[in-house]
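Here are my notes for you on this one. Keep the picture open while you read, and take the points in order.

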Amino acid sequence: MKNTYLPSDYLPILVQFFLAAGFIGGTMIVTHLIGPSRKSKLKDDPFECGIESVGDARTPISVKYFLVAILFVLFDVEVIFMYPWAVNFKGLGMFGFIEMLLFMALLLSGFYYVIRKGVLNWEE
């Protein structure tokens, strides 16, 4: 088994990286040079989904939006940490089980906070 790596072992990776970067850079330069460049007020206007912009960008957003975002982050973090824990469950033993119970208690306290604030009640 070979334990030492020579710089020549990384040559295929470097060649592929430079080819990909060259293709991206070349494509951007060529499209900029051969593409049309007609400037106009209508063309330079902000555009999103074909809908005209209405109102101010600084309109206040409901707190429920941010509380739903917190709820998403809670469950996302839970899944991220539970998968490696489940894979190593036997190796962690009772200490790992108690740590996961503590982690779940903290997450459930955040979930309880969100429910108490009424985030999941969409009727107003």
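1. First, a bit of vocabulary: helices (H or I, at least four residues) and strands (E, at least two) are DSSP runs, numbered from the N terminus. With that in hand, look at residues 65–86: the chain there is 100% helix and 0% strand, and the end C-alpha atoms sit 32 Å apart. Residues 13–34 are also 100% helix and 0% strand, with 31 Å between the end C-alpha atoms.

2. A word on what you're looking at. This is a predicted model, where local features need pLDDT of at least 70 and side-chain atom pairs count only at pLDDT 80 or more, while totals for chains, interfaces and linings use all residues. Residues are numbered from 1 along each chain as its sequence is written, and side-chain values use heavy atoms, leaving out hydrogens and water.

3. What order do the elements of the protein chain run in, from the N terminus on? They go α-α-α, which fits the count of 3 helices and 0 strands. The protein chain is more spread out than a compact globule, because its radius of gyration is 26 Å, well over the 14 Å that the globule rule gives for 124 residues. (That radius is taken over C-alpha atoms, and the rule is 2.2 Å times the number of residues to the power 0.38.) The C-alpha atoms fill a box of roughly 65 × 65 × 15 Å along the principal axes.

4. Now the surface. Of the 124 residues, 10% count as buried; buried means under 20% relative accessible area, exposed over 50%, and partly exposed in between (1.4 Å probe, protein chains only). The protein chain exposes about 11600 Å², and carbon and sulfur atoms supply 71% of that. These areas come from the Shrake-Rupley method with a 1.4 Å probe; for residues, only the protein chains shown count as cover.

5. The UniProt annotation "transmembrane region", from an unreviewed entry, covers residues 13–34, 65–86 and 92–115. Bear in mind that UniProt positions are given in the numbering used here, feature names are shortened, and annotations may be inferred rather than shown by experiment.

6. Two residues to click on. L106 lies in helix α3 (residues 89–116) and is exposed, at 58% relative accessible area. L106 and L74 are 32 residues apart in sequence and 9.7 Å apart in space, C-alpha to C-alpha. G93 is in helix α3 too, and counts as partly exposed at 31% relative accessibility. How far apart in space are G93 and G35, C-alpha to C-alpha? They are 63 Å apart, with their positions 58 residues apart in sequence.
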